[in-house]
Amino acid sequence: MSLLWNRRSVLTAAGFGTAALLGVELVRNDQWSRAFVDTAERLTLRTQRLILARKPLAREFALNDVSAHFPVNGSRVAPGDAYQRLVDNGFQDWKLRIHGLVRNPLALSLTELRQLGARAQITMHNCDEGWNAIGQWIGVPLGLLLTMAGLAPSARYVVFHCLDKKADDGNFYYESIDLFDAYHPQTILAYDMNGRPLPVEHGAPLRLRVETQIGYKNAKFVDRVEVVDRLTSFGKGRGGWWEDFDNAVWYAGQ
Ligand SMILES: Nc1nc2c(c(=O)[nH]1)N[C@H]1C(S)=C(S)[C@@H](COP(=O)(O)O)O[C@H]1N2
Ligand SMILES: [Mo]
């Protein structure tokens, strides 16, 4: 909205400026300047719509569409005593960290995360292994957290470091998205699923829901969020565990 107004006032000023140069006496209701401003406004609106057209929302469903059975895929738990201890005391000792190319690194408990602005959405998860399921998610918009942390100018990607070490190669699961997906309104770090705290097998304490991407981008067991300028320093440098392990594509947009 402020962008629209700023542009409109700039364009209005430009309109008046040009008219003044021509030596035309102008009042606010002058027909010529009105037409100029109206054209500028239509152009601005069209530009806005064009931008928005490239950023559609993923389809959202109704409560009675929620799948009775939502499959569990990949890690069913983060192996090890340390994770079990977190589960045992309801993640009270755990904090989500946001660090890297940010001005104010953050460490927030689940209680603190729940006090921030929340988004609820009922969406379809699509796994490339050939199944899908609809679930309801509630969480904090990632964009809100990134704004709180304040991005450095060199920030380009967001990396999600997870608590589960994969038996296949001994590496921790991780994933990454660019800032476009990170600021998408449906990109949230979810702490509730289907009206209950996120179950362990679906990634407690926190999982990424990035509805513009398919299954494996939706990192479970998220422990910290790192803002970076390149992805080459993690794993094999392909931007995610599946990307490294099995040459999955990094941009898995749908
Ligand atoms: N940390 C972590 N996140 C993960 C995985 C995983 O093994 N570990 N598997 C991915 C894959 S392939 C899919 S399809 C979804 C499955 O999420 P669900 O178990 O909630 O269905 O999680 C994704 N996120
Ligand atoms: Mo998947």
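**Close-up views of a predicted model**

At 0% relative accessibility, Glu-243 counts as buried, and this residue opens the set of legends below, which describe a predicted model throughout.

**Figure 1. A salt bridge between Glu-243 and Lys-217.** The side chains of these two residues meet at 3.1 Å, taken from N to O. Glu-243 belongs to helix α7, which covers residues 241–246, whereas Lys-217 sits in the loop between β9 (207–209) and β10 (222–228), so that the pair links distant parts of the chain, 26 residues apart. Lys-217 is buried as well, since its relative accessible area of 1% falls under the 20% cut-off, and Glu-243, at 0%, falls under that cut-off too.

**Figure 2. A salt bridge between Arg-114 and Asp-192.** The structure holds eight salt bridges, and in this one the side chains of Arg-114 and Asp-192 come to 2.8 Å from N to O. Because Arg-114 lies in helix α4 (residues 110–115) and Asp-192 in strand β7 (residues 188–193), the pair ties together parts that are 78 residues apart in sequence. The two partners can be told apart by their exposure: Arg-114 is partly exposed, with a relative accessible area of 36%, while Asp-192 counts as buried at 12% relative accessibility.

**Figure 3. A salt bridge between Asp-229 and Arg-230, and a network elsewhere.** The side chains of Asp-229 and Arg-230 meet in a salt bridge of 3.7 Å, N to O. Asp-229 counts as partly exposed, with a relative accessibility of 32%, and Arg-230 is likewise partly exposed, at 49%. In the network, salt bridges that share partners join Glu-175, Lys-217 and Glu-243.

**Figure 4. The largest pocket and its lining.** About 340 Å³ of space lies in the largest pocket, and 25 residues line it, of which Asn-73, Gly-74, Tyr-173, Gly-215 and Tyr-216 are the closest to its centre. Strand β3 (119–127) and helix α7 each supply at least two residues of this lining. Sorted by class, the lining has 10 nonpolar, seven polar and eight charged residues.

**Figure 5. The surroundings of ligand 1.** Ligand 1 is surrounded by 23 residues, and the closest of them are Asp-164, Lys-166, His-202, Arg-207 and Lys-220. In the side chain of His-202, an N or O atom lies 2.7 Å from an oxygen atom of the ligand. Backbone atoms take part in contacts with the ligand as well: a polar backbone atom of Asn-73 is 2.9 Å from an oxygen atom of ligand 1, and a backbone N or O atom of Asn-218 lies 3.0 Å from a nitrogen atom of ligand 1. Asn-73 is also one of the residues closest to the centre of the largest pocket, as named in the legend to Figure 4.

**Figure 6. A polar contact between Arg-209 and His-125.** Arg-209 has its place in strand β9, and its side chain is joined to that of His-125 by a polar contact of 2.9 Å. At 1% relative accessibility, Arg-209 counts as buried, and this value is under the 20% cut-off that the term requires.

How values were computed. Residues numbered from 1 in each chain as written. Chains lettered and ligands numbered in written order. Predicted model: local features only at pLDDT ≥ 70, side-chain atom pairs only at ≥ 80, totals over all residues. Heavy atoms only, no water. Salt bridge = Lys/Arg side-chain N within 4 Å of Asp/Glu carboxyl O. Helix = DSSP H or I, 4+ residues; strand = E, 2+ residues; numbered from the N terminus. Buried < 20%, exposed > 50% of the residue type's maximum accessible area, 1.4 Å probe, protein only. 1 Å grid on protein atoms, 1.4 Å probe; cavity = no way out; pocket = protein on both sides within 12 Å on 5 of 7 lines; lining within 4 Å. Points joined across faces, edges and corners; volume = space filled by probe spheres on them. Nonpolar A, V, L, I, M, F, W, Y, C, P; charged D, E, K, R; others polar. Near = heavy atom within 4 Å. Polar contact = N/O pair within 3.5 Å; in protein donor to acceptor, adjacent residues only side chain to side chain.
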